[in-house]
Amino acid sequence: MRFQLLSLLLLPLLAVASTEEQMVLPSESFQDGPGEPFVPVTHSGKPSLADLLTIESSASIFYSYARETELSKLFSDPNANNTLLVPTNKAVIALPRKPHEGPAPIREGVILSEAEFDNLSKKNVERWVSAHIIPFPVSLSSSGEYTTLLEGKNVSFTALDGGKNAPEWARVVLNGDVRLTGIREASNGVMYILDGTVILD
Ligand SMILES: *[C@@H]1O[C@H](CO)[C@@H](O)[C@H](O)[C@H]1NC(C)=O
Ligand SMILES: *[C@@H]1O[C@H](CO)[C@@H](O)[C@H](O)[C@H]1NC(C)=O
Ligand SMILES: *[C@@H]1O[C@H](CO)[C@@H](O)[C@H](O)[C@H]1NC(C)=O
């Protein structure tokens, strides 16, 4: 817990630091060990999806869920090019059933052991997060349907009329009624902030 808290406090600082191409560091104070000078990691300039999620406090619940799964490795993979559909905390809180609970209640009379329950929760979280990842770039200039990392689950974008001066992402709805409220461009993909979630059946 203490480590988690610490990393939550530190990560935004690191993410910000890593986007600075030229950092001037005091030569003495950043030592990794005896005679090991601290070498800052610099990317191609743009932050990764992982960096952007770390500082996106309005969507911290999504990132917390994603970090429980291996899927979050994609967010820092420099060779990936994913499109993330990132619900705001408000949208997740409004869900009648939380992502780890899955879409359907456990059948009455079925008693799960703690380990089985943990497994089920983990699987539900994986399904939910993967339905929010389109594993390739998409164009929002017209309506379209795309596969997600959840097998059999597609998402659609529908272009709305009007608002010709608004950016493309503001002129589509996801799955009929979810508005996109922002875009963040990363070195290894794009994320759209949603005022809703991808609903699993
Ligand atoms: C990801 O896809 C976009 C849009 O097709 C492209 O402009 C960009 O160069 C790609 N980035 C990587 C790292 O492949
Ligand atoms: C939980 O999942 C793991 C890995 O899939 C499996 O090896 C284990 O048997 C499962 N445990 C229970 C109690 O279902
Ligand atoms: C998902 O969309 C793809 C095209 O992007 C289509 O080929 C496929 O049949 C669709 N799958 C489902 C389950 O609707």
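This section describes the sheet, one helix and two ligand shells of a predicted model.

Confidence comes first. The chain has an average pLDDT of 83. A score of at least 70 is reached by 78% of the residues. One stretch falls well outside that range: over residues 5–33, pLDDT stays under 50. For this stretch the model has 27 contacts beyond four places in sequence.

The sheet is open and holds seven strands. Their order is E4-E3-E9-E8-E7-E6-E5, and the pairing is mixed. E4 and E5 stand at the edges. Each has a single partner strand, so one side of each is left without a neighbour in the sheet. Strands of a sheet pair through backbone hydrogen bonds, in either the parallel or the antiparallel sense.

The run from E5 to E9 can be followed pair by pair. E5 and E6 are antiparallel and share four bridges. Within this pair, Thr147 lies opposite Asn154 of E6. The hairpin of E5 and E6 has six residues between the strands. Gly152 in this hairpin adopts a positive phi near 85°. Strand E6, residues 154–159, is then joined to E7 by three bridges, again in an antiparallel arrangement. Here Thr158 has Val173 of E7 as its bridge partner.

E7 is also antiparallel to strand E8, which covers residues 178–186. Two bridges join E7 and E8. Val173 sits opposite Arg179 of E8. Three residues separate the strands in the hairpin of E7 and E8, where Asn175 takes a positive phi near 50°. E8 in turn pairs with strand E9, residues 189–194, over six bridges. The sense is antiparallel. Glu185 stands opposite Val190 of E9. The hairpin from E8 to E9 passes through two residues.

Val173 appears in two of these pairings and merits a closer view. The residue belongs to strand E7, residues 172–174. Its bridge partner on one strand is Thr158, and Arg179 of E8 stands opposite. Leaving out residues up to four places away in sequence, Val173 touches Thr158, Leu160, Val178 and Arg179. The C-alpha atoms of Val173 and Ala159 are 6.6 Å apart, although the two residues are separated by 14 residues along the chain. How exposed is Val173? Val173 has 17 C-beta neighbours inside 10 Å and therefore counts as partly exposed.

Helix H5 spans residues 114–130, 17 residues in total. From first C-alpha to last, H5 reaches 24 Å. This is close to the 24 Å expected at 1.5 Å a residue. Five positions are buried in H5: Asn124, Val125, Glu126, Trp128 and Val129. The packing partners of the buried residues are helix H3 (60–67) and strand E4 (133–134). E4 is one of the two edge strands of the sheet.

Asn124 is among the buried residues of H5. Which residues does Asn124 touch beyond four places in sequence? Its contacts are Pro99, His100, Glu101 and Gly102. Pro99 lies 25 residues from Asn124 in sequence, yet the two C-alpha atoms are 6.4 Å apart. Asn124 has 20 other C-beta atoms within 10 Å, and is therefore buried.

Two ligand shells complete the description. Ligand 2 is surrounded by Ser113, Ala115, Glu116 and Asn119. This shell divides into one nonpolar, two polar and one charged residue. Helix H5 begins at residue 114, and the shell around ligand 2 includes Ala115, Glu116 and Asn119.

Around ligand 3 stand Glu145, Tyr146, Thr147, Gly152 and Asn154. One of these residues is nonpolar, three are polar and one is charged. Strand E5, residues 144–147, supplies the largest share of the shell, with three residues. The E5 and E6 pair is therefore represented on both sides of a bridge, because Thr147 stands opposite Asn154 in E6 and both residues belong to the shell around ligand 3. Gly152, with its positive phi near 85° in the hairpin of E5 and E6, is also part of this shell.

Notes:
Residues numbered from 1 in each chain as written. Chains lettered and ligands numbered in written order. Predicted model: local features only at pLDDT ≥ 70, side-chain atom pairs only at ≥ 80, totals over all residues. Near = placed C-beta within 6 Å. Nonpolar A, V, L, I, M, F, W, Y, C, P; charged D, E, K, R; others polar. Expected span 1.5 Å × (residues − 1). Buried ≥ 20, exposed ≤ 12 C-beta atoms within 10 Å, placed from the backbone. Contact = placed C-beta atoms within 7 Å. Pairing = 2+ DSSP bridges. pLDDT = per-residue confidence, 0-100.
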